[in-house]
Amino acid sequence: IRKRNRKEEKVKHSKKDKFYELFEGYTKEEIDEAISKLSEYKKISTIKIVNNRVLINGAELEVANEGKALLKELYTKYIGNYPKFHKMDLLCQLGFVAIQILLKDLESEAKRNLAIALFNSSSSIATDKEYIKTIADKDNYFPSPALFVYTLPNIVLSEVAIKEGINGETTMYLLPQKDEYVMTQVAKSTFADNDVKEMVVGWIDCFNESNFIAELSIIKKLE
């Protein structure tokens with residue numbers, strides 16, 4: 001039992017150290033003091049999308065497709081009439097669809113100051129691989145502008161912010177692996193902005209058309 005407790009304590013400290021690394025220039029004591037003053041929050045709604053399943057607030061949605069076709073199915077059913085969707089890369093389509101479904105019942109005024117904090121470990125690897133193919137052959141060298149624009153994972157945030165008129169903080173964080181502790185503390189620190197009452201937060205990763213996940217929530221600051 002003592003060994004297990006020591007191991008759990010070591011893991012806990014390791015996660016805190018990763019969180020401290022996000023705030024270069026501040027001491028651990030300064031960060032801990034700031035965290036102690038941050039607001040708590042509650043989840044309002046959730047969504048999880050993998051290549052062949054969709055859960056909204058824990059309830060499984062009946063779907064007819066999987067992979068990239070699943071994202072198009074969700075787009076058609078819940079969004080539609082936004083042609084730019086079809087130009088997006090897979091990561092962007094995944095995040096766009098997931099966030100749009102989460103926001104469908106949120107009032108326009110609430111969206112204006114909404115914050116978004118997404119986390120992943122693969123960056124934009126799926127599109128990066130496709131882009132490399134356009135520059136790998138020196139005899140057939142033609143860099144694709146359509147792919148290049150999506151070689152940054154935070155583009156999905158821009159796409160959502162533009163469509164919904166969001167003015168709040170939007171940030172993509174890259175982590176070695178999913179880390180609930182870091183994600184929770186980042187969410188709390190985002191609520192330090194008094195204008196932010198609600199935010200979208202969660203994990204989104206896309207490796208290829210048959211291996212992706214978006215697990216997002218809308219959370220609300222407790223006053």
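**Exercise 1. Work out where L71 sits, whether this residue is buried or exposed, and what touches it.**

Start with the address: L71 belongs to helix α3, where helices are DSSP runs of H or I with at least four residues, strands are E runs of at least two, and both are numbered from the N terminus. Before going on, bear in mind that this is a predicted model, in which local features need pLDDT of at least 70 and side-chain atom pairs count only at pLDDT 80 or more, while totals for chains, interfaces and linings use all residues. Residues are numbered from 1 along each chain as its sequence is written, and side-chain values use heavy atoms, with hydrogens and water left out.

Next, the cover. L71 has a relative accessible area of 0%, so this residue is buried (buried is under 20%, exposed over 50%, partly exposed in between, with a 1.4 Å probe and protein chains only).

Now the company. Skip the neighbours within four places in sequence, and L71 is in contact with I49, F85, L90, Q93, L94, V97 and F212; contact means heavy atoms within 4.5 Å. As for L118, 47 residues away in sequence, its C-alpha lies 18 Å from that of L71.

**Exercise 2. Find A64 and decide whether it is buried or exposed.**

Look in the loop between β3 (59-60) and α3 (68-78): that's where A64 is. Its relative accessibility is 68%, so A64 goes down as exposed. For a distance check, take R53, 11 residues apart from A64 along the chain: their C-alpha atoms are separated by 9.7 Å.

**Exercise 3. Say how strand β6 is paired and why it counts as largely enclosed.**

First, pairing, which requires at least two DSSP bridges between two strands. On one side, β4 (residues 115-120) runs parallel to β6, with five bridges joining them. F119 is a handy landmark here, since its bridge partner in β6 is W203.

Then take β7 (residues 211-221), which is antiparallel to β6 and joined to it by 10 bridges. β6 and β7 make a hairpin with two residues between them, and N208 has N211 as its bridge partner in β7.

Last, the enclosure: β6 (residues 198-208) has nine of its 11 residues buried, so the rest of the structure largely encloses this strand.

**Exercise 4. List which residues of helix α8 are buried and what they pack against.**

Count first: seven of the 10 residues of α8 (residues 155-164) are buried, so the helix is mostly covered. They are I155, V156, L157, E159, V160, A161 and E164. Their packing partners are α4 (90-103), α5 (108-112), β4 and β5 (170-174). Step just past the helix and you meet G165, with a positive phi of about 65 degrees.

**Exercise 5. Describe the protein chain as a whole: what are its secondary structure and radius of gyration?**

Tally the elements: nine helices and seven strands. For the radius, a compact globule of 223 residues would come near 17 Å, and the chain's 19 Å agrees with that (computed over C-alpha atoms; the rule is 2.2 Å times the number of residues to the power 0.38). The C-alpha atoms fill a box of roughly 55 × 45 × 35 Å along the principal axes.

Finish with cover and contacts. Of the 223 residues, 43% count as buried. Among contacts with a separation of 6 or more, 63% come from residues 24 or more positions apart.
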